[in-house]
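Please find below a short note on the model you sent round. It is arranged as numbered points.

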Amino acid sequence: MTTTNSFAGRGKGVVIGGAAAVVLLSGVVGGVAGSVAGGAAAPAPSSSLASTVAGTCDAVQVAGAALPAIVTVSVSVSKGDESGVGSGVIVRADGHIMTNNHVISAAADGGSIKVLFSGGNSAPATLVGRDPLADIAVLKVDAAKDVPNITLGDSGAVKVGQPVVALGAPLGLSSTVTSGIVSALGRNVPVPSDNNSTAILVGAIQTDASINPGNSGGALVDCSGKLIGINTAIATVPSEDGAGGGGSVGIGFAVPINLAASVANQLIDNGKVAYPYFGVSAAPIPPSAAERFGVENGLYLQAVVANGPAAKAGLAAGDVITHIDGQVAADTGVLSAIAVTRKAGDKVRVTYVRGTKTATTTLTLGTQP
């Protein structure tokens, strides 16, 4: 999408279920911080790691196989002072590292990025590319020889209830390992993104493995040590004063690796991600105005690009979209979800209100101009 597909922003926490808020997992340096030094690269994952005991992974063997590919990511934005800590996963032996966009976004327009390896050595990293919409970024470290990299799994084969292991640097504590299960699949979780926009963790994997601030960009792996997701956000229960609890309550979300890897590969190959194009600028209708438009909720089209996909489908500025492919268009997250999961040429059904009349049209997604 381009700037003509502008979305209304959200605050730091996004309310889900009326009681919990989803917060991103990048950490702020201070309080607890540490690193784990020493340790040689462990052998690559083997089928022997797939054995489970009482429904759990053999976390010792999984950690031994996966930890060499997990890094701690530190971001400095001015005067060399560290301003944030997250996690990353080495996905290519040449030194390409996958992480979350929100982990490194503060340094995207200046500043520096450094990674700490599980063996205790550190190195500067360059930003290859980032995608705020999917909250994925790729870093690169110069490697004189191949570095340990993780084996990618298949998030499409993940099952609810299967045991998993999370690895990363919660609160700056490098090489931390926790375990749990896949609690649910297919969660579409809105989270804050760049410039007060909203990113959507599309089809996110929900897990009860303990993950906390600093785990962002880290690995969620199966019992064979294969990467199935990038840990990105957690749900927190607000305190009595309305502030977020900030810690794990057993509800975490990871970007599925099939999506994350597709985004990362495009960033490595092209420096950007090609998303389909709607050709609209839209904003959610506030509840106070919904009755005036005769809808419960919807997306108000502030502008429609001439000869763009929306215009060709018959949509015009002032229309109110109520449903897209059967999904309620309560906020711009529904547009983000379609952009992340669809491609140019795909058709989507759009129901909209114009004046007092409701109509449905078919919109063919276009390519970015």
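The points below take up a helix, three strands, a loop residue, the cavities and an aromatic pair.

1. Status of the model. This is a predicted model, and the values quoted in the points that follow are computed from it.

2. Helix H1. H1 spans residues 59-66, and its buried residues are Val62, Ala63, Ala65 and Ala66. These four lie on the same side of H1, because the arc they cover around the axis is only 165°. In general, an α-helix has 3.6 residues a turn, so residues three or four places apart point the same way.

3. Strands S11, S12 and S13. S12 (residues 176-192) has a pairing with S11 (residues 163-168), which is antiparallel and has six bridges. Within that pairing, Val165 has Ser179 in S12 as its bridge partner. S12 is also joined to S13 (residues 198-207), again in the antiparallel sense, by seven bridges. Here Arg187 is bridged to Ala204 of S13. Five residues lie between the strands in the hairpin of S12 and S13, and in this hairpin Asn195 has a positive phi near 55°.

4. Gly279. Where does Gly279 sit? The residue is in the loop that runs between helix H3 (257-270) and strand S17 (280-284). Gly279 has a relative accessible area of 0%, so this loop residue counts as buried. Its C-alpha atom is 7.7 Å from that of Ala311, although the two residues are 32 apart along the chain.

5. Cavities. How many cavities of 30 Å³ or more are there? The count is two. The largest cavity has a volume of about 50 Å³. Its lining consists of Phe278, Val280, Leu301, Ala310, Leu315, Ile321, Ile324, Leu335, Val350 and Leu363. By class, the lining has 10 nonpolar residues, with no polar and no charged ones.

6. Aromatic pair. One aromatic pair is found in a search of the whole structure. Phe293 and Tyr300 make up this pair, with 5.6 Å from centre to centre and 55° between the planes, an arrangement classed as tilted. Are the two rings' residues buried or partly exposed? Phe293 has a relative accessible area of 22%, and therefore counts as partly exposed. Tyr300 is likewise partly exposed, because its relative accessibility is 31%. The cut-off matters for Phe293, since buried means under 20% relative accessible area.

Key
Residues are numbered from 1 along each chain as its sequence is written. This is a predicted model: local features need pLDDT of at least 70, side-chain atom pairs count only at pLDDT 80 or more; totals for chains, interfaces and linings use all residues. Side-chain values use heavy atoms; hydrogens and water are left out. Buried means under 20% relative accessible area, exposed over 50%, partly exposed in between (1.4 Å probe, protein chains only). Helices (H or I, at least four residues) and strands (E, at least two) are DSSP runs, numbered from the N terminus. The arc is that of the directions from the helix axis to the C-beta atoms. On a 1 Å grid over the protein atoms alone, a cavity is a set of points where a 1.4 Å probe fits but cannot get out, and a pocket is an open set with protein on both sides within 12 Å along at least five of seven lines; lining residues have an atom within 4 Å of a point. Grid points are joined across faces, edges and corners, and a volume is the space filled by probe spheres set on the points. Ala, Val, Leu, Ile, Met, Phe, Trp, Tyr, Cys and Pro count as nonpolar, Asp, Glu, Lys and Arg as charged, and the others, Gly among them, as polar. Rings of Phe, Tyr and Trp (its six-membered ring) pair if their centres lie within 6.5 Å; planes under 30 degrees apart count as stacked, over 60 as edge-to-face and the rest as tilted. Two strands pair if DSSP finds at least two bridges between them.
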